[in-house]
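Biologist: Before we go through the details, could you show me the model and explain how each kind of feature should be read?

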Amino acid sequence: MRRILLVGLLVLVLDAVSKAFVRAEISVHGETIRVLGDFLRLTHVRNTGSAFSLFQGGRFFFIGFSLVSIALIAALARAPRYRRGAYAVSLGMILGGAFGNLVDRILFGHVTDWIDMGVPTYRWPTYNVADVGITLGVALLAVLMIRHSREEAPPPGAA
């Protein structure tokens with residue numbers, strides 16, 4: 001459980017610090033700072049939707065969704081398997097990301113997004129550290145669960 005909380009706190013702090021910097025230093029929907037040319041830019045966007053600017057609006061729906069996600073992580077964390085190793089890291093990443101975006105929604109009514117990637121004609125929706133934590137955490141958790149289910153599956157032809 002400690003590892004889940006430490007990873008979650010790390011993601012939450014990185015997310016909060018980066019968002020505070022962006023809110024203080026980059027004007028909303030205006031200035032763009034090129035980091036790696038047009039491939040990676042810093043752009044301050046207010047997102048009222050979900051991760052990667054999908055499904056705009058619905059602040060209270062997303063607050064509820066975040067709370068349900070946090071409760072689900074707490075339930076999973078009760079099982080010994082999920083408190084160890086890569087499982088704990090994946091749950092911590094999701095937890096930190098969910099809390100990071102939840103805090104923004106409650107305090108500001110939107111999420112601060114700022115990572116802008118792509119090539120001039122094809123851009124990924126702008127996102128933040130919390131979104132990275134959630135996405136990587138869910139992907140890692142899925143891989144671990146698939147691998148675990150294969151390890152527990154009976155051999156072919158077994159009755």
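What follows is a conversation that takes the features in turn.

Biologist: What should I keep in mind about confidence before reading anything else, and which helix has the lowest mean pLDDT?

Modeller: This is a predicted model, and where pLDDT is low, the predicted coordinates should not be read in detail. Here the protein averages a pLDDT of 88, and 88% of the residues score at least 70. Among the elements, helix α2 (residues 59-76) has the lowest mean, at 85, while α1 has the highest, at 96.

Biologist: Which elements does the protein have, and in what order do they run from the N terminus?

Modeller: The secondary structure comes to four helices and four strands, and read from the N terminus the order is α-β-β-α-α-β-β-α. Of the contacts between residues at least 6 apart in sequence, 65% join residues at least 24 apart.

Biologist: How do the strands come together, and which of them stand at the edges of the sheet?

Modeller: Strands of a sheet pair through backbone hydrogen bonds, either parallel or antiparallel. In this model the four strands form an open sheet in the order β1-β2-β3-β4, with antiparallel pairing. The edges are taken by β1 and β4 (122-123), each of which has a single partner strand, so one side of each is left without a neighbour in the sheet.

Biologist: How many bridges join each pair of strands?

Modeller: Strand β1 (residues 32-36) is joined to strand β2 (residues 40-47) by four bridges, β2 and strand β3 (residues 111-119) pair over six, and β3 and β4 pair over two. Individual residues let you trace the register across the sheet: I33 stands opposite L42 in β2, and L42 in turn stands opposite I115 in β3. At the other end of the sheet order, G118 has R123 in β4 as its bridge partner.

Biologist: What links the strands within the hairpins, and which residue takes a positive phi in the hairpin of β1 and β2?

Modeller: The hairpin of β1 and β2 has three residues between the strands, and there G37 takes a positive phi near 60°. The hairpin formed by β3 and β4 has two residues between its strands.

Biologist: How should I read burial along a strand, and is R34 buried or exposed?

Modeller: In a regular strand the side chains alternate between the two faces of the sheet. R34 is found in strand β1, and at 52% relative accessibility it counts as exposed, because the cut-off for that class is over 50%. Leaving aside residues up to four places away in sequence, R34 touches L40 and R41; R34 and D116 are 82 residues apart in sequence, yet their C-alpha atoms are 9.4 Å apart in space. Strand β3, by contrast, is mostly covered, with seven of its nine residues buried. For the protein as a whole, 39% of the 159 residues count as buried.

Biologist: Where does helix α1 lie relative to the sheet, and which of its residues are buried?

Modeller: Helix α1 (residues 2-25) lies across β2 and β3, and runs at about 85° to β3. Its buried residues are I4, V7, G8, V11, D15, S18, K19 and V22. As for its length, the 24 residues of α1 should span 34 Å at 1.5 Å a residue, and the end C-alpha atoms are 34 Å apart, which agrees.

Biologist: How does the span of helix α3 compare with what is expected?

Modeller: Helix α3 (residues 85-108) has 24 residues and reaches 35 Å from its first C-alpha to its last, close to the 34 Å expected at 1.5 Å a residue. Just after α3 comes G109, which takes a positive phi of about 80°.

Biologist: Which residues does A86 touch, not counting residues up to four places away in sequence?

Modeller: A86, which is found in helix α3, touches L140 and L144. A86 and L144 are 58 residues apart in sequence and 7.8 Å apart in space, C-alpha to C-alpha. At 35% relative accessibility, A86 counts as partly exposed.

Biologist: Finally, what does the surface of the protein come to, and what share of that surface belongs to carbon and sulfur atoms?

Modeller: The accessible surface comes to about 9200 Å², and 71% of that area belongs to carbon and sulfur atoms.

Conventions
Residues are numbered from 1 along each chain as its sequence is written. Side-chain values use heavy atoms; hydrogens and water are left out. Two strands pair if DSSP finds at least two bridges between them. Buried means under 20% relative accessible area, exposed over 50%, partly exposed in between (1.4 Å probe, protein chains only). Contact means heavy atoms within 4.5 Å. Accessible areas come from the Shrake-Rupley method with a 1.4 Å probe; for residues, only the protein chains shown count as cover. The expected span of a helix is 1.5 Å times one less than its number of residues. Axes are lines fitted to C-alpha atoms, for helices over the stretch in contact, and angles run from 0 to 180 degrees between N-to-C directions. pLDDT is the predictor's confidence in each residue, from 0 to 100.
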